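Please open the structure in your viewer and keep the selection tool at hand. We will go from one stop to the next, choosing a few residues each time and looking at what surrounds them.

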Amino acid sequence: CYITPIYCDYIVALSYSCAIFDRIPNSHFSEKLAMSELAKLLDFDHQTQALAQVSGRLGWDQETMMASGSSEQRAIEMSALEGVLHARRSDGRVEEWLSNINLVLEDEVTQAKLREIQRTYQRAVKVPKHLAQEIARVTSMAQGIWATARAENNFLAFAPILEEVLSLKREEGQALAVNEDIYDTMLDDYEPGATAAELSNMFEALRPGLVELRSAVLEKEPALKLQGTFDESIQMQISNMLAETFGYDFSRGRIDKAVHPFSSGSGQDVRITTRTNRYDPFNCFYSTIHEVGHGAYEQNIDQSYKLTSIGQGASMGVHESQSRIYENQLGRSRAFTCWLFNQMKRHFGDFGISDADEFYKTVNSVNRGFIRTEADEVQYNLHVLLRFDLERALVSGDLQVKDLESAWNERFYNDFGYKVESAADGCLQDVHWSVGLFGYFPTYSLGNVYAGCLHEKLRQGCSNLDTELRDGNLDTATEWLRTNLQCHGALKQPRQTIIDACGFEPSEAPLLKYLQLKFTEIYDL
């Protein structure tokens with residue numbers, strides 16, 4: 001038999017390798033296999049996260065710049081992309097890779113990434129691809145129908161598509177639920193680990209104090225109102241200045257206008273929106289500050305987490321804690337409104353408010369109103385609790401879509417004491433149900449509770465905070481939030497994220513205490 005020198009060398013090398021293999025523990029090769037599978041999984045997820053950002057960008061464009069006649073095609077595009085995303089999230093290789101990664105990993109970051117990938121996979125495999133695509137298509141269409149119905153103050157024009165969205169979301173909830181309540185599976189999309197029962201208990205503890213404070217304040221003389229009109233282009237100039245003041249990085253983001261302000265994106269592309277009203281500049285300014293809270297959170301996440309499963313906020317409740325503490329505890333504080341008063345005087349001249357103290361009361365005025373996003377701190381959570389109860393009834397079937405408008409109006413009258421005059425001021429005011437965000441609303445109040453806890457801890461460690469806020473300096477406050485919470489992204493579970501930042505278990509008590517002290521002083525209760 002003729003053997004070439006090269007082939008002889010191969011046989012010798014193979015024999016030598018086999019001898020070595022016999023002397024090396026199997027665990028060494030198990031470890032190498034696991035690390036190889038880990039690398040494949042993380043790379044696969046990286047691509048999935050990138051595609052999800054593209055989907056989010058399409059949604060941003062639809063809300064800000066897309067022509068109104070493009071909605072049908074955009075719905076098809078969103079459905080197609082959702083199909084690709086669903087296929088990746090439910091890809092059988094994900095389960096295989098996860099099962100082969102059998103090491104006890106000491107790396108907290110890798111453990112967290114795997115936890116989130118596994119959670120997403122387990123949810124995705126339960127939802128049929130055709131259902132995920134249909135939800136994406138219908139909600140994209142519903143968004144445009146809602147906007148038109150709201151503008152025309154016509155709930156009946158929106159009701160049929162809402163019925164369709166609700167039916168699809170129920171079907172999704174049933175696919176996800178094992179022994180869970182369907183609503184809890186919806187809630188888990190936005191606040192992992194939370195249940196409707198737990199939140200209901202927290203909100204019921206919150207409600208009496210809010211109702212009592214609201215009643216006491218509304219008996220007092222109302223605050224002065226702003227006089228005149230306010231150039232909307234100047235509002236946007238101040239809006240940009242406020243965004244920079246609160247730490248928003250314009251090299252990685254932008255501000256645009258939208259009917260319903262929102263934020264979008266993560267990592268190096270985080271976009272926010274606001275809206276203007278020539279009679280009410282506060283609508284613009286505080287919508288901006290609120291969305292900057294969301295945007296800054298995403299921008300401040302550790303950049304090494306970019307386009308990974310932990311490269312976004314821990315939950316919507318934690319996210320909302322950032323937007324609310326920026327907007328309220330910081331942005332509506334006596335110290336910061338003193339600075340804002342001077343800025344408004346410089347840009348708009350006289351607007352009927354003579355001094356910073358009266359301006360502070362005007363910014364924090366408690367008035368009758370219908371719109372959640374314009375509500376003061378005292379009444380805001382009452383708006384959220386109304387939606388929380390109604391959407392649970394819709395999901396369970398106890399409330400039919402055709403009866404939603406009347407149910408809303410009745411509940412609003414019972415909670416606030418006056419009648420809703422139009423659907424645009426009532427059940428059509430929010431975009432959430434049109435895009436299928438059932439389970440989202442309670443995270444707003446949970447975020448307020450978290451913000452109360454964070455503010456209490458922040459004040460304990462920043463003794464000169466008010467002095468800095470009077471100068472329009474947010475550096476100490478935003479750096480504390482960045483270091484203690486924002487940089488971690490979804491590294492930890494939502495509740496643990498708050499516990500680690502505050503040093504104590506979250507509860508409604510700090511928020512109620514803050515509101516009682518603030519509004520007792522403002523209204524001399």
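**A helix with a buried face**

Begin by selecting helix 19, residues 475–484, and colour its buried residues, which are Ala477, Thr478, Trp480 and Leu481. If you turn the view until you look down the axis of helix 19, these buried residues fall within an arc of 155°, so they line one face of the helix. Keep in mind throughout the tour that this is a predicted model. Next, show helix 12 (316–330), helix 17 (442–461), helix 18 (465–470) and helix 20 (494–502), because the buried residues of helix 19 pack against these four.

**The nonpolar cores**

Which residues have the most contacts inside the largest nonpolar core? Select Phe155 and Met344, which hold that place in a core of 131 residues. Helix 15, residues 377–396, gives the most to this core, with 11 residues. Now centre the view on Met344 and, leaving aside residues up to four places away in sequence, look for the residues it touches, namely Leu226, Phe230, Pro281, Phe282, Phe285, Gly349, Phe351 and Phe359. Apart from the largest core lies another, of 10 residues, and you can find it by selecting some of its members, including Leu41, Phe44, Val94 and Ile117.

**Aromatic pairs one turn apart**

From the neighbours of Met344, keep Phe282 and add Tyr286, which lies four residues from Phe282 in helix 11 (residues 281–300), a separation of about one helical turn. An α-helix has 3.6 residues a turn, so residues three or four places apart point the same way. The ring centres of Phe282 and Tyr286 are 6.2 Å apart and the planes stand at 70°, so this pair is edge-to-face. Phe282 counts as buried at 12% relative accessibility, and Tyr286 is buried as well, with a relative accessible area of 2%.

Then move to Phe412 and Phe416, which form a stacked aromatic pair, with 4.4 Å from centre to centre and 15° between the planes. Both belong to helix 16 (residues 404–416), where they too are four residues apart, about one turn of the helix, and both are buried. For a wider view, select Tyr190, Trp408, Trp433, Phe438, Tyr440, Phe441 and Tyr444, which ring pairs link into a cluster.

**Three strands**

Now select strand 3, residues 269–274, in which five of the six residues are buried, so that the strand is largely enclosed by the rest of the structure. Do strand 1 and strand 3 pair in the parallel or the antiparallel sense? Strand 1 (residues 255–257) pairs with strand 3 in the parallel sense, over three bridges, whereas strand 2 (residues 263–266) runs antiparallel to strand 3 and is joined to it by four bridges. Ile272 of strand 3 is a useful residue to label, as it is the bridge partner of Ile255 and also stands opposite Ser263. Follow the chain through the hairpin of strand 2 and strand 3, where two residues lie between the strands and Gly267 takes a positive phi near 65°.

While you are in strand 2, select Ser264, which counts as buried at 11% relative accessibility. Apart from residues up to four places away in sequence, Ser264 touches Gly56, Trp60, Asp269, Val270 and Arg271.

**Cysteines without a bond**

Select the sulfur atom of Cys453, a buried residue with a relative accessible area of 0%. A search of the whole structure finds zero disulfides, and for Cys453 the nearest cysteine sulfur, that of Cys502, is 5.2 Å away. For comparison, a disulfide would need the two sulfur atoms within 2.5 Å. Another cysteine to visit is Cys427, which counts as buried at 6% relative accessibility.

**Two residues with positive phi**

Most residues other than glycine have a negative phi. Asn153 is not a glycine, yet it has a positive phi of about 55°; look for it in the loop between helix 6 (129–152) and helix 7 (155–176), where it is partly exposed, with a relative accessible area of 35%. Finish at Asp524, in the segment after helix 21 (509–522), where phi is near 50°, again a positive value in a residue other than glycine. Asp524 is exposed, with a relative accessible area of 60%.

Definitions and conventions:
Residues are numbered from 1 along each chain as its sequence is written. This is a predicted model: local features need pLDDT of at least 70, side-chain atom pairs count only at pLDDT 80 or more; totals for chains, interfaces and linings use all residues. Side-chain values use heavy atoms; hydrogens and water are left out. Buried means under 20% relative accessible area, exposed over 50%, partly exposed in between (1.4 Å probe, protein chains only). The arc is that of the directions from the helix axis to the C-beta atoms. Contact means heavy atoms within 4.5 Å. A nonpolar core is a set of buried Ala, Val, Leu, Ile, Met, Phe, Trp, Tyr and Cys residues joined through side-chain atoms within 4.5 Å. Two strands pair if DSSP finds at least two bridges between them. Rings of Phe, Tyr and Trp (its six-membered ring) pair if their centres lie within 6.5 Å; planes under 30 degrees apart count as stacked, over 60 as edge-to-face and the rest as tilted.
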